[in-house]
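User: Please walk me through the sheet and the helix packing of this chain. Keep it brief.

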Amino acid sequence: MSVLVVRGAVAVLEDAGRVRTGDVIVVDGAVVDDADTTDAEILDASGCVVTAGLVNAHHHLLQTAFRTLPGTRGIPMREWLPAMAAAYNAAGIDPELTGLAARAGLAEALLSGVTTVADHHLTWPSGADTVGMARAAAAAAADVGARLVSVRGAARDDPQEAASSAQAIVDALVPDRPGGVSADGMLQVAVGPAGVHSDPRETFDLLGEVAHRHGLRRRTQANEVVDVEIALERYGRRPLDLLEDWGWLAADVTLAHLCDVTPDEIGRVAASGTSATHAPGCDVPMGWGVAPVRALRDAGIAVGLGTSGGGSNDAGHLLADARLAMQVSALVGPQLPASEVLSMATSGSADGLGRTELGRLTPGSAADLCLWDVSGVADAGVADPVAGLLWASPGRRPRTVVVGGRVVVDAGRLVRADEGEIVARLFERVTR
Ligand SMILES: [Zn+2]
């Protein structure tokens with residue numbers, strides 16, 4: 001039995017708005033109420049706020065290799081998509097690049113306090129070794145010590161090919177695992193077309209069948225501006241009407257973005273039990289507007305937080321985007337309190353992945369946690385150190401990060417991998 005005690009924190013944010021002081025006791029990778037701590041490893045949290053590890057519910061890790069590309073800034077999405085596609089073609093998407101980009105993106109995640117990343121991977125060239133690509137991303141996660149949700153996406157893929165690839169990825173990565181979650185909880189497989197703007201009903205149907213067979217979560221993107229425009233052009237209907245008809249408004253589905261939604265649509269999403277992911281770090285720079293998170297939550301929709309990918313956000317720093325979410329919320333309704341946005345970035349995201357053991361520090365939860373040092377000048381004068389996590393010190397990074405009871409970031413550095421090597425190998429591959 002391995003026992004870890006996180007001791008001396010200024011505050012422990014246990015779950016949605018529940019703040020306490022005292023120890024966090026971890027036994028064999030899970031948070032417990034109490035245990036014999038005589039021989040425990042002690043993690044000194046003095047000067048720190050302790051939170052659950054953040055859960056990035058919507059990322060595109062491959063885009064980590066394609067940040068700030070010329071010709072991708074300040075342009076409409078209709079031009080952005082082919083610009084990114086040209087870059088993918090030129091680089092050649094294969095297991096090697098997928099793995100190196102994931103390794104960099106996941107290292108960045110851990111270093112900014114994100115312990116679980118849902119990687120909505122959308123680029124699977126026809127005929128490519130897609131199982132090898134998924135394996136490479138999973139290996140990268142295991143290497144740095146992060147949890148990964150590998151979402152077999154699709155973006156204009158042949159529907160049959162996408163579905164058989166998704167099936168092969170399940171068989172290779174999480175065989176015989178209900179819900180597509182590995183026994184140790186470090187890897188999960190899900191499916192998700194890019195959206196109705198990109199994929200036909202057949203892709204939604206066939207990926208949905210794979211999900212149904214294995215109890216996988218389904219994820220897609222909906223109601224950013226181009227999605228609505230294209231749905232109206234192509235089908236004369238709005239995206240959520242189509243998703244509802246296609247059986248993709250349901251409790252196992254999470255929709256990312258949702259910038260442009262009507263009150264009636266919010267009601268239908270809520271009634272179906274569908275969850276949502278807010279991604280302001282992508283939506284705002286892309287000019288898509290601000291999703292009405294207050295209205296979504298008031299309707300009873302579980303809302304998580306995601307960064308979306310490196311091609312639009314260019315960073316995977318979820319806490320920075322939580323701060324942005326809080327700030328821009330005041331443009332579309334009453335401002336979201338910091339505590340609510342922090343719960344979106346943790347338990348809200350985890351719930352949309354069907355992982356209620358993640359994103360909180362209540363007894364029985366997985367011991368994924370961050371120690372945020374609030375003793376420095378950027379936090380001087382802060383009256384509420386938990387709210388200060390977002391209001392003060394933009395871009396803050398955790399001092400220590402624990403995943404499943406194991407320390408993976410110590411003194412702000414990766415424990416299990418070399419940052420310099422991760423950076424060098426990705427640059428070497430993309431400039432080859
Ligand atoms: Zn996205």
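The questions and answers below take the domain record, the sheet and a helix pair in turn.

User: Which residues does UniProt list for "domain: Amidohydrolase-related"?

Analyst: The model is a predicted one. The listing comes from an unreviewed UniProt entry. In the model, the end C-alpha atoms of that span lie 18 Å apart, and the span is 41% helix and 17% strand. The residues listed are 49-408.

User: Which strands lie at the edges of the open sheet?

Analyst: Seven strands form the open sheet, with mixed pairing. Their order is β3-β2-β7-β16-β17-β18-β19. An edge strand here pairs on one side only. The edge strands are β3 (18-20) and β19 (413-414).

User: In β17, which residue is the bridge partner of Leu371?

Analyst: Strand β16 covers residues 369-373, and strand β17 covers residues 400-403. The two run antiparallel and are joined by three bridges. In β17, the partner of Leu371 is Thr400.

User: Which residue takes a positive phi in the hairpin of β17 and β18?

Analyst: Strand β18 spans residues 406-410 and runs antiparallel to β17, with three bridges between them. Val403 has Arg406 as its bridge partner in β18. Two residues lie between the strands of this hairpin. The positive phi, near 55°, belongs to Gly404.

User: What is the positive phi of Ala411 in the hairpin of β18 and β19?

Analyst: Two bridges join β18 to β19, and these strands run antiparallel. Asp410 stands opposite Arg413 in β19. This hairpin has two residues between its strands. Ala411 takes a phi near 50°.

User: Are α4 and α5 roughly parallel or roughly antiparallel to each other?

Analyst: Helix α4 covers residues 159-173, and helix α5 covers residues 201-214. Their axes come within 8 Å and cross at roughly 20°. Angles under 35 degrees count as roughly parallel. The two helices are therefore roughly parallel.

User: How many residues in the contact of α4 with α5 are nonpolar, polar and charged?

Analyst: The crossing of the two helices is right-handed. From α4, the contact takes in Pro159, Gln160, Ala162, Ala163, Ala166, Gln167 and Val170. From α5, it takes in Glu202, Thr203, Leu206, Leu207, Glu209, Val210 and His214. The division is eight nonpolar, four polar and two charged.

Terms used
Residues are numbered from 1 along each chain as its sequence is written. This is a predicted model: local features need pLDDT of at least 70, side-chain atom pairs count only at pLDDT 80 or more; totals for chains, interfaces and linings use all residues. UniProt positions are given in the numbering used here, feature names are shortened, and annotations may be inferred rather than shown by experiment. Helices (H or I, at least four residues) and strands (E, at least two) are DSSP runs, numbered from the N terminus. Two strands pair if DSSP finds at least two bridges between them. Axes are lines fitted to C-alpha atoms, for helices over the stretch in contact, and angles run from 0 to 180 degrees between N-to-C directions. Angles under 35 degrees count as roughly parallel, over 145 as roughly antiparallel, 65 to 115 as roughly perpendicular and the rest as oblique. A crossing is left-handed if the near helix is turned anticlockwise from the far one by less than a right angle, and right-handed if clockwise. Two residues are in contact if their C-beta atoms, placed from the backbone, lie within 7 Å. Ala, Val, Leu, Ile, Met, Phe, Trp, Tyr, Cys and Pro count as nonpolar, Asp, Glu, Lys and Arg as charged, and the others, Gly among them, as polar.
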